Amino acid sequence: MIKGLCGATIWSEDLNKLLPFYRDVLGLTMRLHTPAFVVFGEPGAPTLGLGMHSEVRGHNADPARHMVGLLTDDVTADWKRLKSAGVEFVEDPKDYGNLWLATLKDPEGNLVQLLQFKEGPRP
């Protein structure tokens, strides 16, 4: 029986194009690091992987096809911090009722969403 999300992976032709962004700019905690694959996340929680894949070349040609969502406790503060670091946002923080959301691009054009849930149930 499928029980839920374990993690998601973003593939690249060159891991070093993405690793500094996710580790240093976004500030994600690295749990595993090999020359071709990195895992971010805390034990027992869903993870985000970055890896090299022989079928992936260059920029993401269809960045809206999938989006990675990262939880934050202050979407506005993270948006300001990342914007001042030169990160490109395609959507500034917006109130969607039960959550605040902002969407940014990583160095290869993949879309990443910052999510701040308001009071109440969370995923």
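Let's start with Arg65, which is exposed in this predicted model: its relative accessible area is 67%, and the cut-off for calling a residue exposed is over 50%. You'll find Arg65 in the loop between S4 and S5. Its side chain makes a polar contact with the side chain of Asp62, at 3.1 Å. Now look across to Asn110: 45 residues separate it from Arg65 in sequence, yet the two C-alpha atoms are 9.1 Å apart in space.

Asn110 is also a handy way into the interior, as it is one of the residues that Leu104 touches. Leaving aside residues up to four places away in sequence, the contacts of Leu104 also include Phe21, Leu26, Leu82, Phe89, Leu111 and Val112. In soluble globular proteins, nonpolar side chains tend to be buried together. Here, the largest nonpolar core has 22 residues, and Tyr22, Phe89 and Leu104 touch the most other members. Helices H1 (15-25) and H2 (75-84) each give two or more residues to this core, and so do strands S3, S4, S5, S7 and S8. H1 gives the most, with five residues.

Now for the empty space. The largest pocket holds about 640 Å³. Which residues lie nearest its centre? They are Pro46, Thr47, Gly69, Leu70 and Leu71, out of 21 that line the pocket. S4, S5 and S8 each supply at least two lining residues, with S5 giving the most, at five. If you're thinking about the chemistry of that lining, it divides into 14 nonpolar residues, six polar and one charged.

Note on methods:
Residues are numbered from 1 along each chain as its sequence is written. This is a predicted model: local features need pLDDT of at least 70, side-chain atom pairs count only at pLDDT 80 or more; totals for chains, interfaces and linings use all residues. Side-chain values use heavy atoms; hydrogens and water are left out. A nonpolar core is a set of buried Ala, Val, Leu, Ile, Met, Phe, Trp, Tyr and Cys residues joined through side-chain atoms within 4.5 Å. Buried means under 20% relative accessible area, exposed over 50%, partly exposed in between (1.4 Å probe, protein chains only). Helices (H or I, at least four residues) and strands (E, at least two) are DSSP runs, numbered from the N terminus. Contact means heavy atoms within 4.5 Å. A polar contact is a pair of N or O atoms within 3.5 Å; within protein, one must be able to donate a hydrogen and the other to accept it, and residues adjacent in sequence count only if both atoms are side-chain atoms. On a 1 Å grid over the protein atoms alone, a cavity is a set of points where a 1.4 Å probe fits but cannot get out, and a pocket is an open set with protein on both sides within 12 Å along at least five of seven lines; lining residues have an atom within 4 Å of a point. Grid points are joined across faces, edges and corners, and a volume is the space filled by probe spheres set on the points. Ala, Val, Leu, Ile, Met, Phe, Trp, Tyr, Cys and Pro count as nonpolar, Asp, Glu, Lys and Arg as charged, and the others, Gly among them, as polar.
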